[in-house]
Amino acid sequence: MALNSTLVKSTVVAALGGLLFGFDTAVIAGATSALAGFFDLTPRGLGLTVSVALWGTVVGALLASVPGDRYGRRDSLRVMAILYLVSALGCALASNWYGLVCFRFVGGLAIGGSSVLGPMYIAEIAPAKWRGRLVGFFQFNVVAGILLAYLSNYIVGMTHGGPSEWRWKLGVSALPAALFFLLLSRIPRSPRWLAEKGHTEEARRVLKLIGEENIDTELDSMMAAVQLEKQYGQERLFSARNRLPLFLAVSIAMFNQLSGINAILYYLNDIFARAGFSKVSSDLQAVAIGGTNLIFTMLAMSIIDRVGRRTLMLIGSVGTAAALAGVAAIFWTGRREGLLVWLLIGFIAAFAFSQGSVIWVYISEVFPTAVRAKGQSLGSSTHWIMNALISWAFPIVAASSKAAPFVFFSAMMVLQFLIVLVIYPETKNITLEDMEKKLAAV
């Protein structure tokens, strides 16, 4: 099956949620110092300001499966687009710290929801041989959003906007949020969701639209999976049948954050400041790191369906562990600060090439259709809980020891290598229905 225009368009539009996801999570890096000064925040208060959006993502990820199952993946993404828009405008216009925190929480709801619904929608419309690359496009948009956030911060910072500069930095994402909402009405609903809800003819039309060559065979496979799920009754997510998918989703989500990736991205400017870089040079270094993230995500996407998810994870574990150990050594000894940028670029490259590109693909693949929305929510919410905890704790721990967080992150990447090597199965080039049978038999 070749890619056609409807399949490409649907993937691109759904992945715009990833662009907003990346932008909204990273844009705070350019505003932390301004917010600390404007609202007179302590390190603990700054940690709360950053992490409150992440607690919103936890709630959004946990709740996303409800509308995702009831109203469909596409229509639920439209609600996320509205939340992105409200958050951007609210943060830009916030008159006090409580208002800012409230609207950052709303933005977190949108990020958490789209991190569940976007990859799930793409996985359910994508043919098996293209699924890794198409779902990986969601992650591409996440890192593109991160790069755009850093670039936007740099451009806004160059205008020397004074005390209101942070408002422009946080509010600019209102424009892509509005575009996301409008474009979602121009793509079809998920054929697997339609089949599960009994809308067989509409599912058939969507399969034809996306260029499926063996429509009857594919539809029969979907309906057989639906019948199998009915035999299990109202399947519970936490069951013996799902024990391996549960472990895989929770562990990959935890390790994704135990690498320190988002704590580093959110506090990147502060990390550079501790190493002696100026405000403008810190913004520029952040753009370089965002660019590296994008390049290595593209590289991983181009080979993920050939090399496989597991192999990329193993390669990345080695690279991230080594780079983080180097960063820890710089802060421990107080020497060779000039290497900090290169070590962080190396860390970002290894992360983007591995778990950064694999996580949303892998979580969207390992669960049966009947519990895929719930499983995706669990994996995503685990990711965001760890993100919130680590991002809240990072400035507190780093205030007492600059090296300690990086020692911990490096050790976690060594542990990840061992667990992936021993336990993780490969999922490339397997249909979702066959994947369900394979993992249930373990």
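These exercises work through the fold, one helix and the aromatic contacts of the structure above.

The model is predicted: local features need pLDDT of at least 70, side-chain atom pairs count only at pLDDT 80 or more, and totals for chains, interfaces and linings use all residues. Residues are numbered from 1 along each chain as its sequence is written, and side-chain values use heavy atoms, leaving out hydrogens and water.

**Exercise 1. Describe the overall fold of the chain.**

Step 1. Count the secondary structure. The chain has 21 helices and 0 strands (DSSP runs: H or I of at least four residues for helices, E of at least two for strands, numbered from the N terminus).

Step 2. Check the compactness. The radius of gyration is 21 Å, close to the 22 Å of the globule rule for 442 residues, so the chain is as compact as a globular protein of that length. The radius is taken over C-alpha atoms, and the rule is 2.2 Å times the number of residues to the power 0.38.

Step 3. Look at burial. Of the 442 residues, 61% count as buried (buried is under 20% relative accessible area, exposed over 50%, partly exposed in between; 1.4 Å probe, protein chains only).

**Exercise 2. Assign the faces of helix H10.**

Step 1. List the buried residues. In H10 (residues 200–209) they are Ala-203, Val-206 and Leu-207.

Step 2. View the helix down its axis. The buried residues of H10 fall within an arc of 100°, so they line one face. The arc is that of the directions from the helix axis to the C-beta atoms.

Step 3. Recall the geometry. An α-helix has 3.6 residues a turn, so residues three or four places apart point the same way.

Step 4. Turn to the other face. Arg-205 and Lys-208 are exposed there, away from the buried side of H10.

Step 5. See what follows. Gly-211 comes after H10, with a positive phi near 90°.

**Exercise 3. Analyse the aromatic contacts.**

Step 1. Search the whole structure. There are 13 aromatic pairs (Phe, Tyr and Trp rings, six-membered for Trp, with centres within 6.5 Å; planes under 30 degrees apart are stacked, over 60 edge-to-face, the rest tilted).

Step 2. Take Phe-38 and Phe-39. Their pair is edge-to-face, 4.9 Å centre to centre with 75° between the planes. Phe-38 has 40% relative accessibility and counts as partly exposed. Phe-39, at 16%, counts as buried.

Step 3. Take Phe-394 and Phe-406. They too pair edge-to-face, at 6.0 Å and 85°. Phe-394 lies in helix H19 and Phe-406 in helix H20, 12 residues apart. Both are buried.

Step 4. Extend to the cluster. Ring pairs link Phe-331, Phe-394, Phe-406, Phe-408 and Phe-409.
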